Protein chains: 4
Amino acid sequence: MKKNKPKYRQIIDAAVIVIAENGYHQAQVSKIAKQAGVADGTIYLYFKNKEDILISLFQEKMGNFVEMIEEKIAGKETAAEKLLMMVETHFNILSDDPHLAIVTQLELRQSNKDLRLKINEVLKGYLSLVEQILSNGKESGEFSPTLDVRLARQMIFGTMDETVTTWVMNDQKYDITELAGPVHRLLLSGCQKQDN
Amino acid sequence: MKKNKPKYRQIIDAAVIVIAENGYHQAQVSKIAKQAGVADGTIYLYFKNKEDILISLFQEKMGNFVEMIEEKIAGKETAAEKLLMMVETHFNILSDDPHLAIVTQLELRQSNKDLRLKINEVLKGYLSLVEQILSNGKESGEFSPTLDVRLARQMIFGTMDETVTTWVMNDQKYDITELAGPVHRLLLSGCQKQDN
Amino acid sequence: MKKNKPKYRQIIDAAVIVIAENGYHQAQVSKIAKQAGVADGTIYLYFKNKEDILISLFQEKMGNFVEMIEEKIAGKETAAEKLLMMVETHFNILSDDPHLAIVTQLELRQSNKDLRLKINEVLKGYLSLVEQILSNGKESGEFSPTLDVRLARQMIFGTMDETVTTWVMNDQKYDITELAGPVHRLLLSGCQKQDN
Amino acid sequence: MKKNKPKYRQIIDAAVIVIAENGYHQAQVSKIAKQAGVADGTIYLYFKNKEDILISLFQEKMGNFVEMIEEKIAGKETAAEKLLMMVETHFNILSDDPHLAIVTQLELRQSNKDLRLKINEVLKGYLSLVEQILSNGKESGEFSPTLDVRLARQMIFGTMDETVTTWVMNDQKYDITELAGPVHRLLLSGCQKQDN
DNA sequence: GATGAATGAGCCTTCATTCAT
DNA sequence: CATGAATGAAGGCTCATTCAT
């Protein structure tokens, strides 16, 4: 399995750095290879083509993303607690890896439609997780029984995404982790009382 | 003023169509010129370069956007009504112009960082409008006095944006205008009750 | 029509020279462009891709080839005379254009199967001409009534081709036009007396 | 001597199959190694480089070719009989090994000039054999005393080559061995009566 | 003002060959 | 002897922009 060989991660990590520092359109394969400390051709022993690097990058980092959040919320009782943990983890991960934040929020969105469709495939896992928390909350009575799960999921994901993108666009110059609480409260009240 | 000459709008309208139908990366200047019925070189009599077409496109269409919303909410009393009108108008405009929806939600996001920074400049007018409604609501007592206007604005814009993007990604196959009411209620409860 | 513009022929003529002097695999597009005195990109205003240059080259030069032979044999009475004129013209044309001889006999044969199939399409016109002369000769009684036209055509074309290739491989250091008579006599006796 | 080791022939036979099935330009060293059941690097223990594989391939198969024909014509009295046996054997060998026919008639001709010059070195043995038969025929009075041996050799080789190539290009869908007789008669009459 | 032919910089990918094991 | 992971040079093609007419 190529994914377990050290050079696989080495190249993906190099890609994150190069894209973050140079931008998507200036991230030539040769630049990624140099950053990874391998020859250009070596890239193609681990990835089918340049697009495959980017898809794999997203899968590795976001697969990881979903896993980490799942672990974190496992011990939580209420949907509200799970939601808080999710927002916190989401913000923490991207706050801890400024390069990754730039790549996911800005650079990777410049990719063509095909790549973005594949990225969306990966995102589906995350969106499902959000909807699951919302459904749990409805069942337990924490959230309004009339809550539209799909819309609420779009609100939650849209709000987190917009919050992170604004932070990245402002050169990450404030502490986004401090926004987790306030954002959580905002989202929570939206879910709890949508119909009074 | 070049902006008042017929070919100026002709080229911008052609750009919307070409980008929507071919995608950002397949929207060559020559294709836009052909669609607009002018020679390639003529483009450069009205726009500094290709990026300038896209910035102007966004300015024209989103300036229009902000104006229309301002007109619509002018007669509304409460912040809640203004918010509803804004969501409705936002959804209506994009619902009425499928090409524009594709361009703003998907294609234009593939542009490079510089272009997106300029697009954000244009968006600031819209974001200010949202923040103004929120401030009005706080002053009138409709919204919680502790509401973080900046965060709430990110929630509102992020939710609307995510909702429209999801709709476009699903090939606009359902009626997004019907979602204005539910989305409005969701956002409203977030603003009203964030601190209970 | 692009084919009538001066740069079309200019590029084809440049291709013949570059391929003859550098070999098929060393005939880069940039080298052809330089020889033609145009920019690399200009090539692609006249040809779809590199392969298209080579196909067009062959079509132009061999179309010309067939036309010239047709003109020459038009006034000839007997099949024998036509055959002689054909061999003479075939040898003369390639003798007059040493670069073209190298390209057709050696370099263009290194192309891939697809290109060669298209080259063969062009050659069919020539092969038909040979078969037509043979059929005329059978009808007039000059050639044996049992002559297998297809085989005889292969003999004629194979012999001429082999003769020219040998001459090119020997660096064109003897006069191939002097071989037209002897080759003609050789081929003629093959056609006249195949069954005695 | 490396040539006597089993892997030497193993690699050459693999090369014939790979080139015939994939074409000259798709016959990568790694593909040949895989077909031969050895590692890529092993190739270079038996051959200096890729070109050396192809030259050796031609030497082995065509050396064999000449030997077989020499054996076959050894017992024949007249030049006409020898010529017939040669054409028959030539056609039979290639008819019996469809892969080899594709490689010699189509694929190997795509090689560069250097390789083809070396291939011609190998072919000289065959061409000498043809000329020897022709000289014998002149001495015995079977062939015209004025026959140009060099030209006649080009006719004979050119005709056989063109006949086989046409057969391969037509996907070997007819029986080429049946053409040996007719081709022989055609060539023979060319040699016997070239000056009447 | 309008044209459109011409420009030319820039990059992903392949694959023959090497060499540490 | 044998392996196969790693190397790195090399080129066809696109398209935003210019400028002579």
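This note goes through chain pairing, helix packing and one loop residue in a predicted model.

1. **How chains A and B are related.** Two copies of a chain are related by a rotation about an axis and a shift along it. For chain B on chain A, the rotation is 179° and the shift along its axis is 0.2 Å. The superposition has an RMSD of 0.3 Å. That is the relation of a two-fold axis. Both copies use the same surface, since 97% of the contact residues of chain B recur in chain A.

2. **What the A and B contact looks like.** How many residues does the contact take from each chain? Chain B gives 39 residues and chain A gives 39 residues. Between them the two chains bury about 3200 Å². Carbon and sulfur atoms carry 58% of that area. Which residues in chain B lose the most area to chain A? They are B:L151, B:E162 and B:L186. Together these residues make up 19% of what the chain B side buries.

3. **Chains C and D.** Now take the other pair. A turn of 179° and a shift of 0.2 Å along the axis lay chain D on chain C. The RMSD of that fit is 0.2 Å. Of the interface residues of chain D, 97% are also interface residues in chain C, so the copies meet through the same surface.

4. **Chains that do not meet.** Chain A and chain C have no contact. Their closest C-alpha atoms lie 22 Å apart. Chain A does not touch chain D either. Here the nearest C-alpha atoms are 14 Å apart.

5. **Helix packing in chain B.** Two packed helices are described by the angle between their axes and the distance between the axes. In chain B, look at helix α4 (residues 50-74) and helix α5 (residues 79-96). Their axes come within 9 Å and cross at roughly 140°. Why is the pair called oblique? Angles over 145 degrees would count as roughly antiparallel, and 65 to 115 as roughly perpendicular, so the crossing of α4(B) and α5(B) falls in the oblique class. The crossing of α4(B) and α5(B) is right-handed. From α4(B), the contact is made by B:F65, B:M68, B:I69, B:K72 and B:I73. From α5(B), it is made by B:K82, B:M85, B:M86, B:T89, B:H90, B:I93 and B:L94. By class, the residues of this contact are eight nonpolar, two polar and two charged.

6. **Helix packing in chain C.** Check helix α4 (residues 50-74) and helix α5 (residues 79-96) of chain C next. The axes come within 9 Å and cross at roughly 140°. α4(C) and α5(C) are therefore oblique to each other. Their crossing is right-handed. C:F65, C:M68, C:I69, C:K72 and C:I73 of α4(C) take part in the contact. They meet C:K82, C:M85, C:M86, C:T89, C:H90, C:I93 and C:L94 of α5(C). This contact has eight nonpolar, two polar and two charged residues.

7. **A backbone angle to look at.** Where is B:Q172 found? B:Q172 sits in the loop between α8 (149-169) and α9 (180-192) of chain B. Its phi is positive, about 55°, although B:Q172 is not a glycine. In chain C, C:Q172 lies in the loop between α8 (149-169) and α9 (180-192). C:Q172 has a positive phi of about 55° and is not a glycine.

Note on methods: Residues numbered from 1 in each chain as written. Chains lettered and ligands numbered in written order. Predicted model: local features only at pLDDT ≥ 70, side-chain atom pairs only at ≥ 80, totals over all residues. Heavy atoms only, no water. Axes fitted to C-alpha atoms, helices over the stretch in contact; angles between N-to-C directions. Helix = DSSP H or I, 4+ residues; strand = E, 2+ residues; numbered from the N terminus. Parallel < 35°, antiparallel > 145°, perpendicular 65-115°, else oblique. Left-handed = near helix turned anticlockwise from the far one by under 90°. Contact = heavy atoms within 4.5 Å. Nonpolar A, V, L, I, M, F, W, Y, C, P; charged D, E, K, R; others polar. Least-squares fit on C-alpha atoms with pLDDT ≥ 70 in both. Buried area = accessible area lost by both parts, 1.4 Å probe.
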